[in-house]
Amino acid sequence: IQKTIKRIEGTTRLSTITHQQQIMKRYHTTNALRLNGSKKWTRDKTEEEKLAMKKPRAHETGDAREVAIKTHTKPTMFAVVQIGGKQYRIYEGDVIVTEKLEVDVGQQIQLEKILMVGGPHFTAVGRPLVTPKAKVYATITQQTRAKKNIVFKKKRKKRYQRWNEPRHPITILHIDTIKWQEEQQL
């Protein structure tokens, strides 16, 4: 009788807790379950699981490439070279991807078309090349193919569709040294 009177007067509200919320109240402390935004029950992760999920940093794993990327500072000498119709600004120790060169893997080559060489105190611009005074040596590290490039052709209302994924051959170069021969004054 008292409950019906209080309901009529509006002093108390009826319980609007859903069944899932009741289960969550009951089991949250014991099983560490929680209801996430997508209405799925998930268990809270322990500290060991959180540490296992954490991505290790480069210096922790010893991955040489990531360490080199994070700690590498550019050397002072740079050069602009032309390889396969494209121009690249390179430093010593850089790895560049070029069009296929007909050279064996592991062989060291001298790049011929050097357009510009620079350092902290000078810049030499070639007209068109600075090749006699500058030398750039590179090593072929890999001969491979590039990632797939999707080519999709379609003509509407003609039932014509063509799908092609060509992979172009590429060469990966490691820049060994950049040398600049100063003019000797007499």
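Two strands are taken to pair if DSSP finds at least two bridges between them. In this predicted model, strand 3 (residues 78–83) and strand 4 meet that condition, pairing in the antiparallel sense over 6 bridges. Within this pairing, F78 has Y91 of strand 4 as its bridge partner.

**Overall composition**

The protein chain holds 5 helices and 12 strands. It comprises 186 residues, of which 19% count as buried. About 15400 Å² of the protein chain is exposed, and carbon and sulfur atoms supply 51% of that area. Among contacts between residues at least 6 apart in sequence, 56% join residues at least 24 apart.

**Two open sheets**

Strands of a sheet pair through backbone hydrogen bonds, either parallel or antiparallel. Strands 3 and 4 belong to an open sheet of 4 strands, in the order 4-3-7-8, with antiparallel pairing. Strand 4 (86–91) and strand 8 (123–125) each have a single partner strand, so one side of each is left without a neighbour in the sheet. Neighbouring strands of this sheet are turned by 20° against each other on average, direction ignored.

Another open sheet, also of 4 strands, has the order 5-12-9-6 and antiparallel pairing. Its edges are strand 5 (95–99) and strand 6 (108–111), each of which pairs on one side only. From one strand to the next, the twist in this sheet averages 40°. Strand 5 and strand 12 run antiparallel and are joined by 5 bridges; V95 has H174 of strand 12 as its bridge partner.

**The surroundings of T171**

T171 is placed in strand 12 (residues 169–180). Is this residue, T171, buried or exposed? Its relative accessible area is 0%, and since buried means under 20%, T171 counts as buried. The side chain of T171 takes part in a polar contact with the side chain of Q143, at 2.7 Å. A polar atom of the T171 side chain also lies 2.9 Å from the backbone nitrogen of L101. With neighbours within four places in sequence left aside, the residues in contact with T171 include I96, V97, T98, E99 and K100, as well as I140 and Q142.

**Salt bridges**

Side chains of opposite charge can pair when their charged atoms come close. The count of salt bridges comes to 2, and the table lists them with their N to O distances.

| Lys residue | Glu residue | N to O distance |
|---|---|---|
| K86 | E99 | 4.0 Å |
| K148 | E165 | 3.4 Å |

K86 lies in strand 4 and E99 in strand 5, so this pair ties together parts that are 13 residues apart in sequence. K86 is partly exposed, with a relative accessible area of 44%, and E99 is partly exposed at 41%. E99 is also one of the residues in contact with T171.

In the other pair, K148 lies in the loop between strand 9 (134–145) and strand 10 (151–155), and E165 lies in the loop between strand 11 (160–164) and strand 12, so the pair ties together parts that are 17 residues apart in sequence. K148 counts as exposed, at 51% relative accessibility, whereas E165 counts as partly exposed, at 30%.

Conventions: Residues numbered from 1 in each chain as written. Predicted model: local features only at pLDDT ≥ 70, side-chain atom pairs only at ≥ 80, totals over all residues. Heavy atoms only, no water. Helix = DSSP H or I, 4+ residues; strand = E, 2+ residues; numbered from the N terminus. Axes fitted to C-alpha atoms, helices over the stretch in contact; angles between N-to-C directions. Buried < 20%, exposed > 50% of the residue type's maximum accessible area, 1.4 Å probe, protein only. Contact = heavy atoms within 4.5 Å. Areas by Shrake-Rupley, 256 points an atom, 1.4 Å probe, with all protein chains shown as cover. Polar contact = N/O pair within 3.5 Å; in protein donor to acceptor, adjacent residues only side chain to side chain. Salt bridge = Lys/Arg side-chain N within 4 Å of Asp/Glu carboxyl O.
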